[in-house]
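Here's a quick briefing to read alongside the model. Have the viewer open and click through the topics as you go.

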Amino acid sequence: MKDIDKTPDTLPDEGRRKFLNTAAFAGIAGAGASIGLSACNSDKAAPAATATAAAPAEASEFGKYEVPPGELDEYYVFSSGGHSGEVRIYGLPSGRELKRIPVFNMDCMVGWGITNESKAVIGTRPDGQPKYHTGDTHHVHLSYTDGTYDGRYLFVNDKIHGRLGRIRMDTMECDKITEIPNIQGFHGTFPDKRDPVDAAINHTTRVFCGAEFSIPLPNDGSVLEDASQYKSLFTCINADTMEVAWQALIDGNCDLVATSYDGKLAATNQYNTEMGALYEEMMASEMDACLFFNVARIEAAVKAGKFINVGGSSVPVVDATKAANQDPKSALVCYVPIPKNPHGVNISPDGKYYACSGKLSPTASVIEHEKVLAWFDGALDDARKAVVAEPEIGLGPLHTGFDNKGNAYTTLFLDSQIVKWNVEAAIKSFNGDQNAQVVLDRIDVHYQPGHGFTSMGETRESDGRYFISDNKFSKDRFLPVGPLHAETAQLIDISGDKMKLVADHSVYSEPHDSIIVRRDIVKTRQIYSIDDFPLAIKDPKESGVFRDGNKVTVKITSQAPAFSLRDFKVKVGDEVTIILTNLDKVEDLTHAMAIPKYDINFVVNPQQTQSVTFKADKPGVFWCYCTNFCHALHLEMRSRMYVEA
Ligand code: RUQ
Ligand code: CUA
Ligand code: CA
């Protein structure tokens, strides 16, 4: 640490990069060293903004990537919000943040976690409060039709509590949340792209979910310390009903997830084949694996009753452990050995290859889809032979995005770089062609990239225009804001031979993964249909206070700048339900209702109905006011709740 302490506060870009790299590498090399993969071992205060990577000569071009006032972006970026438990939307190339969609978190802006309607989606405890107050979103993916985004749904995982959230894209609101039984650390997720059996179903009907942390099954306290008895499950959820369809018991753990374009395979990389409980144990062996699930065979096994149930759950669990799957011709899963603690598995837009990077090995393994299918047919004697290339690309490779020209772009965490490499050249080189030029370009990013993704790159319509590097450290890139820096999403133009860094977008901590979606794919609505809400109050004349014993329903409508009830009276001890319908039909004319001391704040968009239920436990006068600026008389838009003692 002494050397680090001597590090000057202001390092030029190159010096800082080397320092980060050395520090990070020292962590890996030293057995038992506590810093591991972290590069964040400087306890220095953030330097004032100093470094600029761009050469001045390039500066004049940056205007090309700006979006002038009044003009719209070309792409949407959907991004997970990490600790916040939300999903975020920003525009590209501008980087302008457009919206945050609450999913696993509470949000007063919309009343998520506060209204009865949102609580019904989130799930509640017996006292009516949300079951969980925390979330950890990592991976976002849209539903597919014909191998490209169809703009119906967006799926997002919650790593902490093992939940999958679904967002309907017309209103960009979460409409379903499913908690997966018997897992912990739900990390990778991916929707399928077509049905493995029925060729007529060419859209998403399943979502696959990988459990990263192995646990005792059942996790009821009967097994605690003995990690050799822990297990992981790989889960399939029905994308339409959002019910858990089946789970597969595996050896080792799951990390990220990918799906094939033909619907036949779902993949998960695995960094803990060792089944260690401590990180030294998890990096003990030279090889881990990438698993490929044969979806049709698993579902046939479920149909044939070849499953068990675990931990009191009724979900069928098939046996996808190695011991039970020795014969490829009947195997439910194929374990492809991959070097050391791989992270990330991504499929190329032509559907032919998976890239699975080593993290602790400087390699990307290229796995050929057809070869995995051949293994399942008994035509490949060794699953390792499905690996058709394994180029050395740099240190700490994590995630890979693809363009439309056969090139891959992999984030190098330790090198703080993006490396561009050619897949076919890597295969040639693997086969002995010494002239094959595998690595085509490298570019510095700032710093320690995690996810990286290309525009439309997870679809057949990958367009090769942009790459975003979601970096884990930003240090000197933005004005310091205290100990936790803003994160960076760096925009790279990949349309030419050379990658060009064209923008540093700051992002609120901490996006894990994002996708870049062409704007024509996303079709939203601005006005709800009043009939979508069973509780809707369609006429202000239906407003009023309706009492049934000590249960009181207050029906109110809003039309700028007034609520239909100027006041309403309830009694201490009543269980009060307020139903509010916004009768305004004008786009963007949203109202809201906040009630001081009663912890209530929610919005109603045009033609939307929302409700809240609470105990009237405080007597007095309470101003119910509109919190969304809606009209010149917005401040005057109020009602009074009288609570009689
Ligand atoms: S993981 S930095 Cu949660 Cu997406 Cu790879
Ligand atoms: Cu209605 Cu402000
Ligand atoms: Ca390992």
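What follows is a tour of the calcium site, two helices, the enclosed and open spaces, and some backbone oddities. Keep in mind that this is a predicted model. Two things to look at early are the calcium ion (ligand 3), with donor distances of 2.3 to 2.7 Å, and the largest pocket, with about 1,600 Å³ of space.

**Calcium site**

- The calcium ion (ligand 3) is coordinated through the backbone O of Tyr271 and of Met282, two OE contacts from Glu274, two OD contacts from Asp288, and OD1 of Asn341.
- Along the sequence, the donor residues of this ion follow the spacing Y-x2-E-x7-M-x5-D-x52-N.
- How accessible are two of these donors? Glu274 counts as partly exposed because its relative accessibility is 22%, while Met282 counts as buried at 19%. The cut-off for buried is under 20%, so the two land on opposite sides of it.
- Also in this stretch, Met275 belongs to the loop between β14 and α4 (279-282). Its phi is near 60°, a positive value in a residue other than glycine.

**Helix α5 (295-303)**

- Buried residues in α5 are Val295, Ile298, Ala301 and Val302. Looking down the helix axis, they fit within an arc of 125°, so they line one face of α5.
- The cover over those buried residues includes β9 (206-213), β12 (244-250), β14, β15 and β16 (317-319).
- Right after α5 comes Gly305, with a positive phi of about 80°.

**Helix α6 (369-376)**

- Which residues of α6 are buried? They are His369, Val372, Leu373, Trp375 and Phe376. They span an arc of only 155° around the axis, so they sit on the same side of α6.
- Several elements cover these buried residues, including β14 (265-270), β15 (287-294) and α5. Strands β17 (333-339), β19 (353-357) and β20 (364-368) are also among them.
- Gly378 follows α6 and has a positive phi, near 85°.

**The cavity**

- How many cavities of 30 Å³ or more are there? The count is one, and the volume of the largest cavity is about 220 Å³.
- Its lining has 25 residues, and those nearest the centre are Phe190, Val345, Asn346, Thr400 and Glu458.
- Strands giving two or more residues to this lining are β4 (137-145), β8 (184-191), β13 (257-259), β18 (343-347), β22 (397-402) and β26 (449-454).
- By class, the cavity lining splits into nine nonpolar, 13 polar and three charged residues.

**The largest pocket**

- If you want the open space instead, the largest pocket holds about 1,600 Å³ and is lined by 47 residues.
- Nearest the centre of the pocket you'll find Lys99, Thr171, Met172, Glu173 and Tyr528.
- β1 (75-80), β3 (97-102), α3 (116-122) and β7 (173-179) each give two or more residues to the pocket lining. Which element gives the most? That's β3, with five residues.
- The pocket lining divides into 20 nonpolar, eleven polar and 16 charged residues.

**Backbone oddities**

- As background, most peptide bonds are trans, and most residues other than glycine have a negative phi. The next few spots go against that.
- The Leu92 to Pro93 peptide bond is cis, with omega near 10°. Pro93 sits in the loop between β2 (86-92) and β3.
- The Ser509 to Glu510 peptide bond is cis too, with omega near -10°. Here Glu510 sits in the loop between β29 (500-507) and β30 (514-518).
- Gln448 has a positive phi, near 55°, in a residue other than glycine. You'll find Gln448 in the loop between β25 (439-444) and β26, where it counts as buried because its relative accessible area is 0%.

**A loop residue to check: Asp415**

- Asp415 sits in the loop between β23 (407-412) and β24 (417-422). Buried or exposed? Asp415 is buried, since its relative accessible area is 16% and the cut-off is under 20%.
- For a sense of span, the C-alpha atoms of Asp415 and Val576 are 59 Å apart, with the two residues 161 apart along the chain.

Conventions:
Residues numbered from 1 in each chain as written. Chains lettered and ligands numbered in written order. Predicted model: local features only at pLDDT ≥ 70, side-chain atom pairs only at ≥ 80, totals over all residues. Heavy atoms only, no water. Buried < 20%, exposed > 50% of the residue type's maximum accessible area, 1.4 Å probe, protein only. Helix = DSSP H or I, 4+ residues; strand = E, 2+ residues; numbered from the N terminus. Arc of directions from axis to C-beta. Contact = heavy atoms within 4.5 Å. Donors = N, O, S within 2.8 Å, 3.2 Å for Na, K, Ca; no water. 1 Å grid on protein atoms, 1.4 Å probe; cavity = no way out; pocket = protein on both sides within 12 Å on 5 of 7 lines; lining within 4 Å. Points joined across faces, edges and corners; volume = space filled by probe spheres on them. Nonpolar A, V, L, I, M, F, W, Y, C, P; charged D, E, K, R; others polar.
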